[in-house]
Amino acid sequence: MPVCSIWIVAGQNRNTITAYNLTEKTTGEPDMWGKAELVQTVILGFNEESKSEPGEEPVWNLLRGLFSTTMSVVDRLGILEDYGIPTVQDVEEEVLDMCNLGQGVYEKGERYGRREGRREGLIEGRTETEQQISQLKQMMVKADRTEEFLAALDNPQVLYRLYREFGIIRD
């Protein structure tokens with residue numbers, strides 16, 4: 001009996017099917033495991049944004065229905081029915097759970113992206129603020145306004161006014 005491992009890799013630029021077969025090299029007892037050609041790995045590179053096209057492999061439409069974040073539940077169940085999968089109440093609930101998997105993965109990625117964006121924004125903001133303070137310090141020392149600069153460090157409103165006055169930031 002053949003053994004097949006199927007991997008679905010979403011987020012690809014286009015839909016692709018890649019199959020890998022083992023080759024057999026035996027040392028010692030021959031045929032200990034059987035035939036290597038019975039072991040196969042199939043990788044489905046899936047673009048969830050792809051549209052159904054005439055003549056395409058049927059698996060793409062099935063995957064679209066299971067992993068779409070935009071397709072309605074009715075359309076998803078219709079796809080299952082097209083493939084002869086019964087859609088009784090229990091199956092409908094399972095399909096809802098499965099179909100929401102794609103949405104859950106999307107939302108998790110979105111949360112991660114926001115968290116990373118905030119972190120990067122904080123780092124960039126700190127760097128920019130440090131550069132602005134350094135620039136203001138140099139300008140105010142040259143203008144013989146060092147004490148005013150030091151006092152402004154404790155008052156964000158005064159600091160902002162000085163940034164504008166010295167042309168470091170513009171409204």
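This is a short talk through the fold of one protein chain, starting from its sheet and moving on to its helices.

Okay, hi everyone. Before we start, what we have here is a predicted model, where local features need pLDDT of at least 70 and side-chain atom pairs count only at pLDDT 80 or more, while totals for chains, interfaces and linings use all residues. Residues are numbered from 1 along each chain as its sequence is written, and side-chain values use heavy atoms, with hydrogens and water left out.

So, the overview. The protein chain has five helices and three strands; those are DSSP runs, H or I of at least four residues for a helix and E of at least two for a strand, numbered from the N terminus. Reading from the N terminus, the order is β-β-β-α-α-α-α-α. The chain has 171 residues, and 20% of them count as buried. Buried is under 20% relative accessible area, exposed is over 50%, and partly exposed is in between, using a 1.4 Å probe on protein chains only. Then there are contacts, meaning heavy atoms within 4.5 Å. Take those between residues at least 6 apart in sequence: 51% of them join residues at least 24 apart.

Now the sheet. In which order do the three strands sit? The order is S1-S3-S2, in an open sheet with mixed pairing. Strand S1 (3–10) and strand S2 (16–21) are at the edges with a single partner strand each, so one side of each has no neighbour in the sheet. On average, neighbouring strands are turned by 15° against each other, direction ignored. Two strands pair, by the way, if DSSP finds at least two bridges between them.

Let's take the pairings one by one. S1 and S3 run parallel, joined by eight bridges, and here valine 9 stands opposite glycine 45 in S3. S2 pairs with strand S3 (residues 39–46) in the antiparallel sense, over six bridges. On that side, threonine 18 is opposite isoleucine 43 in S3, and asparagine 21 has glutamine 40 as its bridge partner. Helix H1 (residues 58–67) packs on this sheet and touches S1, S2 and S3, with its direction at about 65° to that of S3. For angles like that, axes are lines fitted to C-alpha atoms, for helices over the stretch in contact, and the angles run from 0 to 180 degrees between N-to-C directions.

Let's stay with H1. Seven of its 10 residues are buried, so H1 is largely enclosed by the rest of the structure. Among them are Trp60, Leu63 and Phe67. And how many aromatic pairs does the structure hold? Just one. Phenylalanine 46 and tryptophan 60 are stacked, 6.2 Å centre to centre with 10° between the planes. The rule is that rings of Phe, Tyr and Trp (its six-membered ring) pair if their centres lie within 6.5 Å; planes under 30 degrees apart are stacked, over 60 edge-to-face, and the rest tilted. Phenylalanine 46 is in strand S3 and tryptophan 60 in helix H1, so the pair ties together parts 14 residues apart in sequence. Both of these residues are buried.

What about the loop between S3 and H1? Asparagine 47 is found there, buried at a relative accessible area of 16%. Leaving aside neighbours within four places in sequence, asparagine 47 is in contact with Gln12, Asn13, Arg14 and Asn15. A polar atom of its side chain lies 2.9 Å from the backbone oxygen of asparagine 13.

Moving along to helix H3 (residues 89–142), glutamine 132 lies in that helix. Is glutamine 132 buried or exposed? It counts as buried, at 13% relative accessibility. Not counting residues up to four places away in sequence, glutamine 132 touches Tyr163, Ile168 and Ile169.

After that comes the loop between H3 and helix H4 (146–152), where we find aspartate 144. Its phi is near 60°, positive in a residue other than glycine. Most residues other than glycine have a negative phi. Aspartate 144 counts as exposed, at 69% relative accessibility.

Last stop, helix H5 (residues 156–165). Its buried residues are Leu159, Leu162 and Tyr163. They cover an arc of only 105° around the axis, which puts them on the same side of H5; that arc is taken from the directions from the helix axis to the C-beta atoms. And following H5 there's glycine 167, with a positive phi near 75°. That's my tour, thanks!

Technical notes: Polar contact = N/O pair within 3.5 Å; in protein donor to acceptor, adjacent residues only side chain to side chain.
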